[in-house]
Amino acid sequence: MDRKNKILIHSLVFSPDGVSTAYLYNDIALGFKRAGFDVVVLSTTPHFNVVPEQLEKQPMTWGVLGLYKKSSFNDIPVYHVPQKKFKSTFLRLIGFVYWHIISFFIGLFIKNVDVILSPSPPLTIGRLNNWLGKIKGCKVVYNVQEIYPDILNKPEKSLVHRYLRRMEKRVYNQSTTVTTIDQVFYNTIVDRFQDKSKLHIIPNFVDISLYHSGVSTEILDKNLFPNNDNIKLLYAGNIGYAQDWEPLIRLAEKTKNMKIEYFLIGMGVKKEWVVSQKHFWKLDKLHILDYQPRRLMPAILAYSDIQYIFMTPEQEGMGFPSKVYTIMACGRPLLVCSGEKTPIVNFLRPIGCAKIITNHDLEQKTDEIVQWLSTMTREKLSEMGTKGEEVIKANYAKEIVTKQYVDLINSLLK
């Protein structure tokens with residue numbers, strides 16, 4: 001009897017971690033399983049967004065010598081190298097090095113691997129899998145979700161930038177195939193390849209059985225999500241450096257006397273700053289909440305009237321928020337601040353489901369948003385949201401895109 005083709009998915013995050021890349025790769029793993037692959041996952045213990053109910057559904061047990069943990073995700077074996085979200089930079093670095101060393105040796109002992117698939121970040125995972133692929137004699141596929149070292153904003157002449165640039169080229173050129181999520185990303189990195197035919201575009205996607213329009217909001221806590229007639233702008237995700245939070249504060253100041261509320265849901269290094277600004281400016285209509293369980297997210301998106309994403313000028317061209325697909329699937333319009341010819345603007349502009357602000361001046365762009373909000377009704381917003389939902393159903397549903405991954409891997413294995 002012929003054995004199944006075996007794929008090792010090597011990712012920094014995976015179930016039961018509760019972040020967007022984990023959910024993305026959960027679905028990719030299941031897509032390969034449905035296609036008849038033998039799937040195994042090598043990841044970390046949950047440390048970005050620990051969701052207790054997901055830990056209960058997917059318990060982990062210690063492996064050999066207490067170096068790692070094991071779990072099962074829909075009968076897919078998962079190896080978890082312990083990680084913690086330390087506040088100390090030194091301890092985070094030690095944990096990061098530990099993860100690389102232990103995952104490399106676990107990878108060596110996983111038998112009969114035909115292909116290794118891994119997403120960025122980090123860039124170093126691609127290099128690790130270059131080595132594993134050579135030792136195991138298997139194909140290596142690297143998925144560029146964010147472009148490093150560009151996103152780090154290090155001076156190009158700095159030692160760090162030059163080292164990472166060399167590493168990036170080795171990862172790209174020593175992988176069997178590289179995928180990226182957007183035409184802008186493709187155009188940015190294609191000249192870094194010796195063989196440009198290695199690079200392919202496969203977009204991210206959304207589970208439209210979970211995220212769709214018409215979801216009831218009855219399950220939401222009314223103390224956190226009050227019922228009123230105000231237009232509600234909402235962001236849910238990482239509160240970090242890739243997003244620009246000054247426009248949110250300035251916007252909340254300028255619309256104090258309008259029937260508008262703002263919701264910010266998540267965790268991250270900039271959350272403390274946003275909280276301090278909320279108290280300093282007495283922004284009572286800015287509600288800041290911790291991460292919410294995934295099962296509530298469709299209802300939370302349905303509760304909102306607009307979803308906002310404000311990208312920093314320094315990083316706006318190096319990332320594409322996967323939440324865009326989820327928002328569109330739920331029939332909600334977007335309010336986006338990002339420069340011209342950035343991935344998010346190039347994607348959204350032809351669809352007509354977003355108000356796009358490309359002006360980088362804080363006062364001018366927030367004035368433009370206030371003016372736009374003053375003309376908006378829920379009927380107009382609903383019309384915008386419907387346009388986005390139709391595009392997602394046609395092109396970016398989970399089943400459509402995961403098949404592209406399967407087809408690509410099958411073509412390599414032939």
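Contact is taken here to mean heavy atoms within 4.5 Å. The structure described is a predicted model. Under that contact criterion, and with residues up to four places away in sequence not counted, Gln 292 touches Leu 224, Ile 265, Met 297 and Ile 300. Gln 292 is placed in the loop between strand S12 (286-289) and helix H9 (297-303). With a relative accessible area of 16%, Gln 292 is classed as buried, because the class covers values under 20%. The side chain of Gln 292 also reaches the backbone oxygen of Asp 290, at 2.9 Å.

A second glutamine, Gln 174, lies in helix H5. At 33% relative accessibility, Gln 174 counts as partly exposed, since this value falls between the 20% limit for buried residues and the 50% limit for exposed ones. When neighbours within four places in sequence are left aside, Gln 174 is in contact with Arg 127, Asn 130, Lys 134 and Lys 198. Polar contacts are formed with two of these residues: the side chain of Gln 174 pairs with the side chain of Arg 127 at 3.0 Å, and the side chains of Gln 174 and Lys 134 are joined at 3.4 Å. The C-alpha atom of Gln 174 is separated by 17 Å from that of Leu 8, a residue 166 places away along the chain.

Ser 411 belongs to helix H14 (residues 398-413). Its relative accessibility of 43% places Ser 411 among the partly exposed residues. The side chain of Ser 411 reaches the backbone oxygen of Leu 408 at a distance of 2.5 Å. In sequence, Ser 411 and Gly 133 are 278 residues apart, whereas their C-alpha atoms lie 17 Å apart in space.

The second largest pocket has a volume of about 310 Å³. Its lining consists of Ser 15, Tyr 23, Asn 26, Glu 53, Gln 54, Lys 57, Gln 58, Ser 72, Phe 73, Asn 74, Arg 294 and Arg 295. In terms of secondary structure, at least two lining residues are supplied by each of helix H1 (20-34), helix H2 (52-57) and strand S4 (69-73). Helix H2 provides the largest share of this lining, with 3 residues. Grouped by class, the lining of the second largest pocket comprises 2 nonpolar, 6 polar and 4 charged residues.

Ser 15, one of the lining residues of this pocket, also takes part in a cis peptide bond. The bond runs from Ser 15 to Pro 16, with omega near 10°. Pro 16 is located in the loop between strand S1 (6-10) and H1. A cis peptide bond is likewise present between Tyr 148 and Pro 149, where omega is about 10°. Pro 149 lies in the loop that separates strand S7 (139-144) from helix H5 (159-174); Gln 174, described above, lies in helix H5.

Positive phi values were computed for two residues that are not glycine. Asn 112 has a phi of about 60° and is situated in the loop between helix H3 (89-109) and strand S6 (115-119). A relative accessible area of 52% makes Asn 112 exposed, because the exposed class begins over 50%. For Lys 341, phi is near 60°, again a positive value in a residue other than glycine. Lys 341 is found in the loop between strand S14 (334-337) and helix H11 (343-348). Lys 341 is also exposed, with a relative accessible area of 69%.

As regards the cysteines, the count of disulfides comes to 0. Cys 353 is in no disulfide, because the nearest cysteine sulfur, that of Cys 330, is 13 Å away, whereas a disulfide requires sulfur atoms within 2.5 Å. Cys 353 is buried, with a relative accessible area of 1%. Cys 138 is buried as well, at a relative accessible area of 11%.

Technical notes: Residues numbered from 1 in each chain as written. Predicted model: local features only at pLDDT ≥ 70, side-chain atom pairs only at ≥ 80, totals over all residues. Heavy atoms only, no water. 1 Å grid on protein atoms, 1.4 Å probe; cavity = no way out; pocket = protein on both sides within 12 Å on 5 of 7 lines; lining within 4 Å. Points joined across faces, edges and corners; volume = space filled by probe spheres on them. Helix = DSSP H or I, 4+ residues; strand = E, 2+ residues; numbered from the N terminus. Nonpolar A, V, L, I, M, F, W, Y, C, P; charged D, E, K, R; others polar. Buried < 20%, exposed > 50% of the residue type's maximum accessible area, 1.4 Å probe, protein only. Polar contact = N/O pair within 3.5 Å; in protein donor to acceptor, adjacent residues only side chain to side chain.
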